Amino acid sequence: MERFSGSERFSGPDALMFNMETPTTPMHTLKVAILDTRRRGRPVTLGELVDVLPDYLGMFPRATQRVQCAPGRKARPFWVADEDFDVADHLDEISLPAPGGRAQLDAALSELAVHQLDRSRALWALTLVHGLAGGRQAVVVRVHHAVADGLAALNTLMAATSEEGGVVEVAPVRRPHTLPSRADLTRSARRESRSLLAAIPRVMSTFARAARIASDTDAAEHIPRPLTVRRTSFNTPSGGERVCASGGIPLADVQRIAVALGTTVNGALHGIIAGAMRSELADRGDDLTHRSVTVFGVCRDLASTRTRGNEIATAAAYMRTDIADPVERITATAESCAAAVGRRKKVGFEMTDRMSTYTGRLAPTFRNLAAHRAPRIMNTITTANMAGPRQTRWVGGVEVIDWISFALAIAPADVNLTTYSYAGTLSMGLIATPESMPDPHRFLRRVAESLDEVHAALSDRGLLGGDLVRGDR
């Protein structure tokens with residue numbers, strides 16, 4: 001890929017995320033850090049952030065880059081250094097009403113979830129939130145998914161914070177000496193277009209190879225076929241509003257269940273979520289004889305320290321909401337998750353990268369046309385599960401006591417539950433449309449209840465002893 005000083009062409013996956021946005025489909029995620037400033041002795045101020053942040057933005061190249069299109073080539077724009085960048089343009093502050101609890105914070109997040117980013121500037125914004133209970137504060141970063149996927153966002157958190165008593169090294173922004181002209185970008189795009197045309201036979205070969213691998217897998221019966229999922233009330237036609245709910249369950253409890261059943265934390269967690277989905281669907285009168293399906297991302301390289309870009313490919317797994325027994329439900333769901341991840345890794349990531357490079361605008365157009373019309377869809381719910389730090393992170397004398405991520409609610413699967421492990425808690429961020437999830441807080445309570453149900457069932461069968469860890473759920 002050709003680059004000029006201070007510029008870079010969008011990758012295919014980044015372009016896909018960029019082009020998916022519409023007035024009713026925000027494509028920015030929310031990253032929420034809950035701050036405890038007691039050791040510091042005073043709250044963080046917006047003025048401090050304006051003064052301090054520029055000294056560290058050099059760690060995150062996209063933070064000072066804007067989007068620029070070459071004429072006639074809008075499908076894959078360029079990242080170009082923003083010569084007019086001013087950090088103050090990206091910062092604001094709000095105060096929560098009393099009592100400043102989860103409900104008030106989540107209501108504020110619901111508003112920020114639909115407040116789309118200014119595409120003439122770098123695609124991020126930071127809101128400092130005052131008024132949380134106990135004198136705490138929150139930092140909410142809205143970042144476009146074209147900028148970073150879940151792993152890149154986690155790496156950004158790790159780079160911007162330290163262990164207790166540590167120091168984050170200063171990394172000021174380096175301004176490029178020259179910037180490309182529109183003519184430069186057009187010539188670069190034309191050259192790349194010729195290369196892409198020449199590469200079509202190789203792309204088709206890659207696609208055929210991936211299809212052969214997918215069809216030959218021994219786990220085919222555990223993996224849903226594309227566009228075969230029946231619609232449920234989770235897939236209700238909806239508009240531009242979003243609702244957010246945050247919560248958490250103890251990581252240790254899910255780990256014990258995973259060990260007892262010989263599966264992974266990811267498999268056990270998805271089985272627990274499937275239990276919550278079954279309860280929710282039953283209350284709504286949905287048909288429980290059919291399997292639900294989740295789509296989640298599989299990272300190309302979990303060891304990567306990148307702080308930008310999208311290097312994930314999706315996998316689909318059955319959420320066995322059709323199974324009443326909680327232990328059987330977890331076992332079957334975990335088996336499907338493992339099969340889906342295994343197939344994705346076997347197929348690889350090259351096809352996803354290549355196809356999205358060629359279809360950066362086609363796929364979003366198809367989604368817009370079919371989201372509320374297609375009789376069969378890809379999935380019932382979208383999930384994510386990432387392993388985060390075992391201990392809380394710090395910024396000087398400020399402790400980050402919780403870190404919550406909210407992803408995207410994209411029709412027709414407008415319910416998205418993102419989970420990160422953080423300091424012993426599986427921290428959950430649920431974002432949905434109100435049509436698909438009228439009471440998101442109730443759904444998170446159902447997740448906790450599903451955990452209790454599985455623990456009780458395993459204890460009754462002598463497979464698990466001891467009490468659950470009672471955390472703040």
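Ala, Val, Leu, Ile, Met, Phe, Trp, Tyr, Cys and Pro count as nonpolar, Asp, Glu, Lys and Arg as charged, and the others, Gly among them, as polar. The model is predicted: local features need pLDDT of at least 70, side-chain atom pairs count only at pLDDT 80 or more, and totals for chains, interfaces and linings use all residues. Residues are numbered from 1 along each chain as its sequence is written, and side-chain values use heavy atoms, with hydrogens and water left out.

Q: How do the residues lining the second largest pocket divide by class?
A: They divide into 28 nonpolar, seven polar and five charged.

Q: Why is the pair of Phe10 and Phe18 called edge-to-face?
A: Rings of Phe, Tyr and Trp (its six-membered ring) pair if their centres lie within 6.5 Å; planes under 30 degrees apart count as stacked, over 60 as edge-to-face and the rest as tilted. Phe10 and Phe18 lie 5.4 Å centre to centre, with 70° between the planes. So the pair is edge-to-face.

Q: What makes the pair of Phe10 and Trp79 stacked?
A: Their centres are 4.2 Å apart, and the planes meet at 10°. Phe10 lies in the loop between β1 (7-9) and α1 (12-19) and Trp79 in strand β4 (residues 73-81), so the pair ties together parts that are 69 residues apart in sequence.

Q: Why does Trp79 count as buried?
A: Buried means under 20% relative accessible area, exposed over 50%, partly exposed in between (1.4 Å probe, protein chains only). Trp79 has 0% relative accessibility, so Trp79 is buried.

Conventions:
Helices (H or I, at least four residues) and strands (E, at least two) are DSSP runs, numbered from the N terminus.
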